[in-house]
Amino acid sequence: MTQHFTLTLLPGDGIGPEIMAVAVDVLKAIAPQFDLAFTLQEALIGGSAIDEVGTPLPEATLDRCRQSDAVLLAAIGGYKWDSLPRAQRPETGLLGLRAGLGLFANLRPAKILPQLLDASSLKAEVVEGVDIMVVRELTGGIYFGQPKGLFATETGEQRGVNTMAYTSSEIDRIGKVAFEAAQKRQGRLCSVDKANVLEVSQLWRDRITALGVDYPNVELSHMYVDNAAMQLLRWPKQFDTIVTGNLFGDILSDAAAMLTGSIGMLPSASLGESGPGVFEPVHGSAPDIAGEDKANPLAQVLSAAMMLRYGLDQPAAADKIEAAVMAVLNQGYRTGDIMATGMTPVGCKAMGEALLRALS
Ligand code: IPM
Ligand code: MG
């Protein structure tokens, strides 16, 4: 029996529409092979939403996302909107989407593909076999804590304030996601904090430690964030699953991503307690190459695979897409960001065509 899913597509800005087009072609190709039917609806977010309706996250977009089974997002932002007031910045739209859908858990896998070993800036022996899952808390911490804002002091100075705050229930729910992720992986979880300095991190460490009792098959360790940044570069293979707060996760997930050589290859999933998840590449909107058919669509395509796996419970379809990505890499196709000698340079569209051939 055919399974129907309604998907909201948010192409966003910069290279977003180009890479989304490839992912949509892939989804359309895969659907009949697994007896799936997708109803695709597009909505505005980020800079393109600012241009069209004056706000980075129109209410209609949030409604549409809430009414769908999953959301596939490309990328937002660009120079053009960088100097707008914060409420009208593309990034504010993305944060509003995360908060509006309650997407507290952000899964960011960083896995080295053997085909791209040489793309890493680290020695092959250091990165070979790296397979890390960063579980980042996404709707709390310093990104959302109160008070926040710009205030005037008594002496007439300006004072910028953000607050890093976590409640025990916020820590517990992300902790559970991370322990469960670790259980499905190599069973090792490293919780990253700054408990030597921050009270909020002390609570984080206490709660994660307490939670660990329920997961005796997961080997739990703790690490300070500064050391974690160093260890990720020194010997990344020591990590399996990492769990951390919003800001530390933002930073460490970029570092983990770059171990793989190209951020253009990495997908992510943002999930809530229930309701639709948002699936998006880790990379940004790359306004410098937008519209030039140079973008690497593979992170977007792998995000569609993550959507099938984690959002729609269609692991076989996800496997097939991931296999097609491996196939085109094995055939030697490379966009500029992952180009190496002897390989076949292709643009975004041609990479999409190669994927469709691999899927047929
Ligand atoms: C990310 C990005 C966002 C973040 C920005 C664009 C708001 O860096 O998804 O990692 O800081 O969370
Ligand atoms: Mg980031």
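Author: A salt bridge, as the term is used here, is a side-chain nitrogen of Lys or Arg within 4 Å of a carboxyl oxygen of Asp or Glu. By that rule the structure, which is a predicted model, holds 13 salt bridges.

Reader: What makes the pair R66 and D63 a salt bridge?

Author: The side chains of R66 and D63 meet with 3.9 Å from N to O, and since the cut-off is 4 Å between a side-chain nitrogen of Lys or Arg and a carboxyl oxygen of Asp or Glu, the pair is counted. In general, side chains of opposite charge can pair when their charged atoms come close.

Reader: Why are R66 and D63 separated by about one helical turn?

Author: Both residues belong to helix α3, residues 59-66, and because they are three residues apart in it, about one helical turn separates them.

Reader: How do you know whether R66 and D63 are buried, partly exposed or exposed?

Author: Buried is reserved for values under 20% relative accessible area and exposed for values over 50%, with partly exposed in between. R66 has 42% relative accessibility and therefore counts as partly exposed, and D63, at 32%, is likewise placed in the partly exposed class.

Reader: Why is the contact of R309 with D319 called a salt bridge, and which parts does it tie together?

Author: The N to O distance between the side chains of R309 and D319 is 2.9 Å, which is within the 4 Å that the term requires. R309 lies in helix α10, residues 298-311, and D319 in helix α11, residues 315-330, so the pair ties together parts that are 10 residues apart in sequence.

Reader: What makes R309 and E322 a salt bridge, and where do these two residues lie?

Author: Their side chains meet at 2.8 Å, N to O, again within the limit of 4 Å. Here too R309 is the partner from helix α10, while E322 comes from helix α11, and the pair therefore links parts 13 residues apart in sequence. As for exposure, R309 is partly exposed at 24% relative accessibility, E322 is partly exposed at 24%, and D319 is partly exposed with a relative accessible area of 41%.

Reader: Which residues do salt bridges that share partners join into one network?

Author: D131, R185 and D240 are joined in this way.

Reader: What makes a residue part of the surroundings of ligand 1, and which residues are they?

Author: A residue is included if one of its heavy atoms lies within 4 Å of the ligand, and the residues around ligand 1 are E91, R98, R108, R136, Y143 and D250. This shell divides into one nonpolar, no polar and five charged residues; Tyr counts as nonpolar in this scheme, so Y143 is the nonpolar one.

Reader: How do you know that ligand 1 lies between domain 1 and domain 2?

Author: Domain 1, made of 1-111 and 263-360, and domain 2, residues 131-258, both give residues to the shell, and ligand 1 therefore lies between them.

Reader: What distances separate an oxygen atom of ligand 1 from the side chains of R136, Y143 and D250?

Author: A polar contact calls for N or O atoms within 3.5 Å. An oxygen atom of ligand 1 is 2.8 Å from an N or O atom in the side chain of R136, an oxygen atom of the ligand is 2.5 Å from such an atom of Y143, and for D250 the corresponding distance is 2.9 Å. Taken alone the ligand exposes 320 Å², of which the protein buries 74%.

Reader: What is the peptide bond between Q146 and P147, and where is P147 found?

Author: A cis peptide bond, with omega about 0°, joins Q146 and P147, and P147 belongs to strand β6, residues 145-152.

Reader: What phi do D35 and D293 have, and where do they lie?

Author: D35 is not a glycine, yet it has a positive phi of about 60°, and it sits in the loop between α1 (16-33) and β2 (36-42). D293 is also not a glycine and has a positive phi of about 60°; its place is the loop between β12 (278-281) and α10.

Reader: Why is D35 called partly exposed, and what of D293?

Author: The partly exposed class lies between the 20% and 50% limits. D35 has a relative accessible area of 37% and so falls within the class, as does D293, with 32%.

Methods:
Residues are numbered from 1 along each chain as its sequence is written. Chains are lettered from A and ligands numbered from 1 in the order in which they are written. This is a predicted model: local features need pLDDT of at least 70, side-chain atom pairs count only at pLDDT 80 or more; totals for chains, interfaces and linings use all residues. Side-chain values use heavy atoms; hydrogens and water are left out. A polar contact is a pair of N or O atoms within 3.5 Å; within protein, one must be able to donate a hydrogen and the other to accept it, and residues adjacent in sequence count only if both atoms are side-chain atoms. Accessible areas come from the Shrake-Rupley method with a 1.4 Å probe; for residues, only the protein chains shown count as cover. Domain bounds come from an automatic or database domain assignment. Helices (H or I, at least four residues) and strands (E, at least two) are DSSP runs, numbered from the N terminus. Buried means under 20% relative accessible area, exposed over 50%, partly exposed in between (1.4 Å probe, protein chains only).
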